[in-house]
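Q: Please take a close look at one part of this model, beginning with its strand pairing and burial. Please then place the aromatic contacts found elsewhere in the chain.

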Amino acid sequence: MLQAVARPRSLAEAHSILESSDRSAIIAGGTAIMPVLNYGTDEFDNLVSLRGSGISGIDISGARATIGATTTLSEIEAQDELAFLRPALDAIGSPTIRNMATVGGNLFVKQPYGDFAACLIALGAEVTIAGPNGERCEPVEKTVASRPGRGEIVTKLSFALPAAGAFKFWKAARKAFNSAAIVTVAALVEMNGGVVSACRIALGGVANTAIRARSSEKELTGKPLDRITVEAVAKEALKDIAPFDDAYATAWYRARVTPVHVRRALLGA
C-alpha cells in the first residue's frame with residue numbers, strides 16, 4: 001500500500017530520499033506507474049516525484065538536441081526543431097497521455113509500449129545518469145536494456161539532429177491512434193553517393209525492450225536504398241527479434257509482419 005509521495009526540489013534531495021528506502025519508486029508523468037499502483041502492488045510503498053527536481057526542458061545547440069528527462073512528449077512535439085519526431089509522437093497514446101508522459105519514463109515502459117524509446121535508439125541518443133557518486137553517460141539502448149542502478153536517475157538525453165528526410169518511422173497497431181504497437185520501426189538512414197553510408201534501425205513491440213536490428217543495419221550499409229535491397233534487409237530483422245504473445249497480437253503474427261513494416265518504414269510504402 002502506498003504510504004507517501006515525496007516531491008524533492010533537487011536531484012540531491014531525490015538521491016537522498018531514494019537512498020533512505022529500498023521501497024521507493026520514481027514517478028515522473030505517472031502514465032506507466034499509476035496503473036500499477038491502481039491495480040495494487042507490493043513492490044513499493046513510497047513514490048518519489050521528479051517533476052520539481054529541475055531536469056526538464058529542451059535545448060537545441062547547433063546540430064544537437066538535449067532533452068531533460070521529465071520533459072513531456074507534448075513539449076517535444078511543440079518544438080519546431082524536432083518536427084521530424086511528430087509522426088512518431090502522434091502515434092503514442094492520446095494528447096492527454098502525451099501531456100503527462102515524459103521522455104525519461106518512456107524508456108522504461110513495458111513493451112509493446114515505449115515507441116519513443118525506439119526513436120531514441122535509432123537516433124543514437126546518449127543518456128546522462130546521475131547517481132549519488134556523480135554522473136555517467138551511456139548509449140540509450142544500454143539504458144533501455146539494463147536500467148539504471150539503485151539510486152540512479154536519468155537526467156537528460158541528447159542526440160544529433162538528423163539531416164532532412166533521414167529519420168523514418170512506422171508503427172503497426174490495431175488502431176491508428178492511442179494503441180500499443182504490434183511492430184514499431186524507427187530508422188536513421190544516411191546516404192552518400194547513392195548508397196547508404198550509415199544506418200541505425202530500432203524495433204519496438206517485438207522483444208522485451210525496444211532493440212536495434214543490427215542484422216538489418218549490416219545488410220543495408222553500403223547498398224542502395226531500393227526495393228530489392230530493402231526486401232532483403234527487412235528479412236534480416238527476424239534474426240534480432242524475440243516476439244511475444246499479448247492481447248494485441250501473437251508472437252507468430254509479430255514475426256510474420258515485422259519484415260513488412262521494416263520495408264514500409266524504409267521505403268515509405
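**Strand 6 and the aromatic pairs**

A: Thr-128 stands opposite Lys-156, a residue of strand 8. The model is predicted, with pLDDT of at least 70 required for local features and 80 or more for side-chain atom pairs, while totals for chains, interfaces and linings use all residues. Numbering starts from 1 along each chain as its sequence is written, and side-chain values use heavy atoms, without hydrogens or water.

Strand 6 covers residues 126–131, strands being DSSP E runs of at least two residues and helices H or I runs of at least four, numbered from the N terminus. Strand 8, residues 153–160, runs antiparallel to strand 6, and 5 bridges join them; strands pair if DSSP finds at least two bridges between them. Strand 6 also pairs with strand 7, residues 134–139, again in the antiparallel sense, here over 6 bridges. The connection from strand 6 to strand 7 is a hairpin of 2 residues. Within this pairing, Glu-126 has Pro-139 of strand 7 opposite it. Strand 6 is mostly covered, as 5 of its 6 residues are buried (buried: under 20% relative accessible area; exposed: over 50%; partly exposed: in between; 1.4 Å probe, protein chains only).

Turning to the aromatic contacts, a search of the whole structure yields 2 aromatic pairs (rings of Phe, Tyr and Trp, its six-membered ring, with centres within 6.5 Å; planes under 30 degrees apart are stacked, over 60 edge-to-face, the rest tilted). One is formed by Phe-84 and Phe-167: their ring centres lie 5.5 Å apart and their planes stand at 70 degrees, so the pair is edge-to-face. Phe-84 belongs to the loop between helix 3 (73–77) and helix 4 (86–90), and Phe-167 to strand 9 (residues 167–173), so the contact ties together parts 83 residues apart in sequence. Phe-84 has a relative accessible area of 24% and is partly exposed, whereas Phe-167, at 12%, counts as buried.

Tyr-113 and Tyr-248 also form a pair; the centres of their rings are 6.5 Å apart and the planes are at 90 degrees, so this pair is edge-to-face. Distant parts of the chain are linked here, 135 residues apart: Tyr-113 lies in the loop between helix 6 (103–106) and helix 7 (115–122), and Tyr-248 in the loop between helix 10 (227–236) and helix 11 (251–267). Tyr-113 is partly exposed at 41% relative accessibility, and Tyr-248 is partly exposed with a relative accessible area of 26%.
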